[in-house]
Amino acid sequence: MRVYIGCGGYTNEDWTAPGLIYEGVKKDAFLETYAHHFDAVELNSSFYAIPGLKAFEGMARKSGGRVRFSVKLNKAFTHERAPTDADFDRMLQSPEPLREAGLMGPYLAQFPYSFHRTAANRKYLAALTERFAGHELAVELRHASWDKPEVREGMGEFGLIWVSPDYPPVGGMPEPQVHVTGDVGYLRLHGRNRETWWEGQSASERHDYRYNRAEMDEWAEKIAAVAGELSELYVYFQNTTKGHALHNIPMLREALNARGVPVRAPEPQDGGRLF
């Protein structure tokens with residue numbers, strides 16, 4: 001199993017703080033710097049506006065061929081749920097430079113908590129799956145009504161990747177387990193800040209949480225248990241606030257290596273370290 005580990009987004013202003021990886025780095029060099037520390041990234045900007053070909057060409061170039069990109073579907077697909085044919089064309093065609101460079105990971109469809117398992121929503125998900133046929137599509141379903149073996153079995157039949165989540169223990173959402181629906185696994189670690197998950201005014205507040213070593217060991221155990229079932233696993237830390245993810249990723253790498261799951265850590269530029 002090849003494990004790719006990265007973060008939700010790479011344009012994190014928090015990381016310009018003293019001692020973090022973007023200290024003294026200009027914004028147009030963020031991705032180049034990121035690529036010396038991580039081998040995968042979840043692209044957040046595409047949720048708000050789908051980048052064009054030239055933007056994706058720039059990402060492939062600046063990452064130096066070192067990073068796999070998971071491209072988040074635009075909100076028209078997951079939150080508004082009224083994508084046009086033009087939206088589909090742009091979403092499917094614009095990342096072509098990443099595919100040509102061998103840097104394309106799965107698309108991510110991040111549905112909101114309000115997307116319950118209803119007949120209408122099941123029909124919508126089936127239609128979306130059909131339009132993305134031939135492409136890897138990871139689906140995050142935040143409402144607990146989807147967290148059932150029969151749902152994952154159906155996703156496996158249609159080639160969808162179940163996104164395994166780690167949420168705060170607030171109830172009503174899927175349990176923190178690694179589930180396998182195909183050859184590729186996908187894990188999103190949101191942190192466990194129960195105080196801000198519902199009340200937080202921003203994603204930054206909701207993801208203000210640093211995992212401890214025992215919690216990283218817990219996830220390493222779960223990952224090791226399914227290692228023989230997967231060819232690839234993408235692990236994305238969403239707790240980028242205040243650089244929490246920068247501290248947690250080395251912990252997970254160490255925990256996985258200790259359990260016989262090899263993880264490659266990119267070599268930082270100029271011999272530097274994450275910390």
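## Close-up views of a predicted model

**View 1. Arginine 142, a buried loop residue.** Arginine 142 counts as buried, because its relative accessibility is 14% and buried means under 20%. As you look around, keep in mind that this is a predicted model. Arginine 142 sits in the loop between strand 5 (137-140) and helix 8 (149-157). Which residues does arginine 142 touch, leaving aside those up to four places away in sequence? They are Gln110, Phe111, Pro112, Tyr113, Tyr167, Gly172, Met173, Pro174, Arg188, His190 and Trp197.

**View 2. The barrel of strands.** Here 8 strands close into a barrel, and their order is easy to follow: 1-2-3-4-5-6-7-8. The pairing is parallel. On average, neighbouring strands of this sheet are turned by 25° against each other, direction ignored. Helix 11 (residues 213-226) packs on the sheet and touches strand 6 (160-166), strand 7 (184-189) and strand 8 (232-237). The direction of helix 11 makes about 165° with that of strand 7. A general reminder may help here: strands of a sheet pair through backbone hydrogen bonds, either parallel or antiparallel.

**View 3. Strand 3 and its two partners.** Let us stay with the barrel and pick out strand 3 (residues 68-72), which is joined by 3 bridges to strand 4 (residues 104-110). Strands 3 and 4 run parallel. In this pair, phenylalanine 69 stands opposite methionine 104 of strand 4, while lysine 72 has leucine 108 as its bridge partner. Strand 2 is also joined to strand 3, by 4 bridges, and this pair runs parallel as well. There, leucine 43 stands opposite valine 71 of strand 3.

**View 4. The two faces of strand 3.** Are the residues of strand 3 mostly covered or uncovered? They are mostly covered, with 5 of its 5 residues buried. One side of the strand carries Arg68, Ser70 and Lys72, and the other carries Phe69 and Val71. Both of these faces are covered, and the five named residues are all buried.

**View 5. The largest nonpolar core.** This core has 70 residues, and the members that touch the most others are Phe132, Val235 and Phe237. Helix 12 (residues 244-258) gives the largest share of the core, with 7 residues. Apart from this core lies another one, of 10 residues, including Tyr4, Leu108, Ala138 and Tyr236. Zooming in on valine 235, you can find contacts to Val3, Tyr4, Ile5, Gly6, Leu187, Leu189, Ile223 and Leu252, not counting residues up to four places away in sequence.

**View 6. The largest pocket.** How big is the volume of the largest pocket? The volume is about 710 Å³. The pocket is lined by 28 residues, of which Asn44, Tyr48, Lys72, Ala203 and His207 are the closest to its centre. Strand 2 (40-43), helix 2 (45-48) and helix 10 (203-206) are the elements that give two or more residues to the lining. Lysine 72 may be familiar by now: Lys72 is one of the buried residues of strand 3.

**View 7. Two loop residues with positive phi.** As a general background, most residues other than glycine have a negative phi. Arginine 81 has a phi near 55°, a positive value in a residue other than glycine. You will find arginine 81 in the loop between helix 4 (75-78) and helix 5 (85-93). Arginine 81 counts as partly exposed because its relative accessibility is 27%, and partly exposed covers the range between under 20% and over 50%. Lysine 242 also has a positive phi, of about 60°, although it is not a glycine. The place of lysine 242 is the loop between strand 8 and helix 12.

**View 8. Glutamine 201 and glycine 159, in two other loops.** Glutamine 201 belongs to the loop between helix 9 (194-197) and helix 10. Is glutamine 201 buried or exposed? Glutamine 201 is exposed, because its relative accessible area is 69% and exposed means over 50%. Its C-alpha atom is separated by 29 Å from that of methionine 91, which is 110 residues apart along the chain. Glycine 159 lies in the loop between helix 8 and strand 6. At a relative accessibility of 49%, glycine 159 counts as partly exposed. The C-alpha atoms of glycine 159 and arginine 131 are separated by 13 Å, and these residues are 28 apart along the chain.

Terms used
Residues numbered from 1 in each chain as written. Predicted model: local features only at pLDDT ≥ 70, side-chain atom pairs only at ≥ 80, totals over all residues. Heavy atoms only, no water. Core = buried A, V, L, I, M, F, W, Y, C linked by side-chain atoms within 4.5 Å. Buried < 20%, exposed > 50% of the residue type's maximum accessible area, 1.4 Å probe, protein only. Contact = heavy atoms within 4.5 Å. Pairing = 2+ DSSP bridges. Axes fitted to C-alpha atoms, helices over the stretch in contact; angles between N-to-C directions. 1 Å grid on protein atoms, 1.4 Å probe; cavity = no way out; pocket = protein on both sides within 12 Å on 5 of 7 lines; lining within 4 Å. Points joined across faces, edges and corners; volume = space filled by probe spheres on them.
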